[in-house]
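Student: I would like a close look at a single part of this model, the places where the backbone or a charged side chain does something that needs a second look. Please then set that part against the rest of the chain in one connected account.

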Amino acid sequence: MIKKEIISFIIPCYNSTNTIGAVIEEIKAMMSDCLKDYDFEIILVNDCSPDGTTYEKIKELANADNRIKGLNLARNFGQPSAVMAGMHYAKGSYIVCGDDDGQTPFIEFPKLFSKIQEGYDIVEANYSIRERRSLFRRLGTFLNESMATNLINKPKGLVLTSFWCIRRFVADDMLRYENPYPYLGGLMLRVSKNACNVSVSHRKRLSGKSGYSFSKLINLWLNGFTNFSIKPLRIATLSGIFIALAGFGYGLFIIANKLLYPKKIMAGYTSILAIMIFLFGFSFLLMGLIGEYIGRIYLSLNRQPQFIVKDKINI
């Protein structure tokens with residue numbers, strides 16, 4: 001008997017007691033109808049949900065079906081770390097990630113999988129029409145996309161989302177990253193640029209609200225900003241050189257003006273104060289940027305854990 005290939009679905013869970021059951025049923029129905037030639041497993045990772053019942057729901061689902069596996073993290077590590085935790089236990093030839101709130105249209109996963117079968121290594125869903133989101137969510141998405149395009153050399157036009165499918169070798173290389181603050185898009189694209197988008201629909205949440213605050217979105221942006229590129233440091237260096245040259249040129253202008261017009265009163269206290277404030281502010285910004293890099297190096301050297309599994313079921 002030929003052993004079927006496995007597709008591993010990884011779903012990070014946060015306050016999803018009322019939604020994860022429907023998500024599981026959708027995946028099961030989709031696999032039964034469209035991908036009968038493949039086995040599957042669903043790994044649910046509870047990222048220390050404050051509701052206190054999400055992991056109980058996961059255990060209930062896992063006890064009813066051994067294809068459902070559960071991980072309970074010791075504290076909240078964030079969605080990227082939760083996905084990495086799930087990947088460590090995934091057995092599939094293909095790894096799929098989606099959300100726990102019902103917004104991810106798993107029913108359209110065959111569209112992504114058909115592109116994998118065409119030969120792509122990474123397939124990202126692209127929500128052509130999104131449900132209305134708050135201003136800071138749109139701002140966070142814009143910052144994330146801009147950073148990915150300019151700093152980690154994301155292929156032009158490729159959109160990164162939370163619904164994607166990758167091949168096993170991509171996941172295996174991603175798992176070599178053991179430091180805190182993983183940035184999933186950067187980890188994928190450092191393995192392969194053979195990636196594409198597939199247009200899918202975007203749905204409303206089944207219940208509740210997003211667990212992403214503005215600060216979490218900024219942290220996600222910083223993970224990619226500082227973990228996978230030194231371009232910000234190079235930009236800082238070039239900016240420093242430019243400002244130094246501009247200051248030197250302005251100094252020559254003042255000297256020449258004084259020599260040519262010695263009786264002219266050179267007041268300019270306001271402009272000098274403004275320049276000083278700008279230079280001090282810019283200097284502190286650069287020191288903060290360098291400090292962010294040094295802080296992350298410090299945490300990595302001290303082996304701050306990427307995640308800690310407190311409990312697991314069916315694994």
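Tutor: Asparagine 15 counts as partly exposed, because its relative accessibility is 37%, and its place in this predicted model is the loop between E1 and H1. What calls for attention at asparagine 15 is the backbone, since phi there is near 55°, a positive value in a residue other than glycine. Most residues other than glycine have a negative phi. Asparagine 314 can be read alongside it, with phi near 65°, again a positive value in a residue other than glycine. Asparagine 314 lies in the segment after strand E8 (309-313), and it counts as partly exposed because its relative accessibility is 33%.

Asparagine 314 also leads to a charged residue, for aspartate 65 touches Lys28 and Asn314 once residues up to four places away in sequence are set aside. Aspartate 65 sits in the loop between H2 and strand E3 (68-73), and with a relative accessible area of 10%, where the limit for buried is under 20%, it is therefore counted as buried.

A second acidic residue, glutamate 41, belongs to strand E2. Glutamate 41 is buried yet has no salt bridge, and the nearest side chain of opposite charge, that of lysine 69, is 4.1 Å away; a salt bridge would require a Lys or Arg side-chain nitrogen within 4 Å of a carboxyl oxygen, which is why this pair is not counted as one. The surroundings of glutamate 41, leaving aside its neighbours within four places in sequence, consist of contacts with Ile6, Ile7, Ser8, Phe9, Arg67, Lys69, Tyr89, Ala90, Lys91 and Gly92.

Two of those contacts, Ile7 and Phe9, bring us to the largest nonpolar core, which has 36 residues and in which Ile7, Phe9, Ile11, Met31, Ile42, Leu44 and Phe109 touch the most other members. At least two residues of this core come from each of strand E1 (6-13), helix H1 (20-34), strand E2 (39-46), helix H2 (54-64), strand E4 (94-97), helix H4 (109-118), strand E5 (122-127) and strand E7 (195-200). H1 gives the most to this core, with six residues. A second, separate core holds 31 residues, including Phe77, Leu160, Trp164 and Leu187. In soluble globular proteins, nonpolar side chains tend to be buried together.

Two residues show how contacts in this region cross the sequence. Phenylalanine 109, apart from its neighbours within four places in sequence, is in contact with Ile7, Phe9, Met30, Leu35, Val96, Phe163 and Cys165. Leucine 61, in helix H2, counts as buried because its relative accessibility is 14%, and, not counting residues up to four places away in sequence, it touches Ile20, Gly21, Ile24, Leu44 and Ile68. Of these partners, leucine 44 is 17 residues from leucine 61 in sequence, with the two C-alpha atoms 9.8 Å apart in space.

Burial also marks helix H3 (residues 79-89), where eight of the eleven residues are buried, so that the helix is largely enclosed by the rest of the structure. The buried residues of H3 are Pro80, Ser81, Ala82, Val83, Met84, Ala85, Gly86 and Met87.

The surface offers a counterpart, a nonpolar patch of about 480 Å² made by Tyr250, Phe253, Ile275, Phe278 and Leu279. Helix H9 (231-260) and helix H10 (269-301) are the elements that give two or more residues to this patch, and H10 gives the most, with three. Phenylalanine 253 lies in H9, and it counts as exposed because its relative accessibility is 51%, the limit for that class being over 50%.

The setting for these details is a chain whose secondary structure comes to ten helices and eight strands. Buried residues make up 42% of its 315 residues, while the chain exposes about 17,000 Å², of which carbon and sulfur atoms supply 61%. Among contacts between residues at least 6 apart in sequence, 85% join residues at least 24 apart.

Definitions and conventions
Residues numbered from 1 in each chain as written. Predicted model: local features only at pLDDT ≥ 70, side-chain atom pairs only at ≥ 80, totals over all residues. Heavy atoms only, no water. Patch = residues over 30% accessible without salt bridge, like charges linked within 9 Å, V, L, I, M, F, W, Y side chains within 5 Å. Areas by Shrake-Rupley, 256 points an atom, 1.4 Å probe, with all protein chains shown as cover. Helix = DSSP H or I, 4+ residues; strand = E, 2+ residues; numbered from the N terminus. Buried < 20%, exposed > 50% of the residue type's maximum accessible area, 1.4 Å probe, protein only. Contact = heavy atoms within 4.5 Å. Core = buried A, V, L, I, M, F, W, Y, C linked by side-chain atoms within 4.5 Å. Lys, Arg positive; Asp, Glu negative; His and termini not counted.
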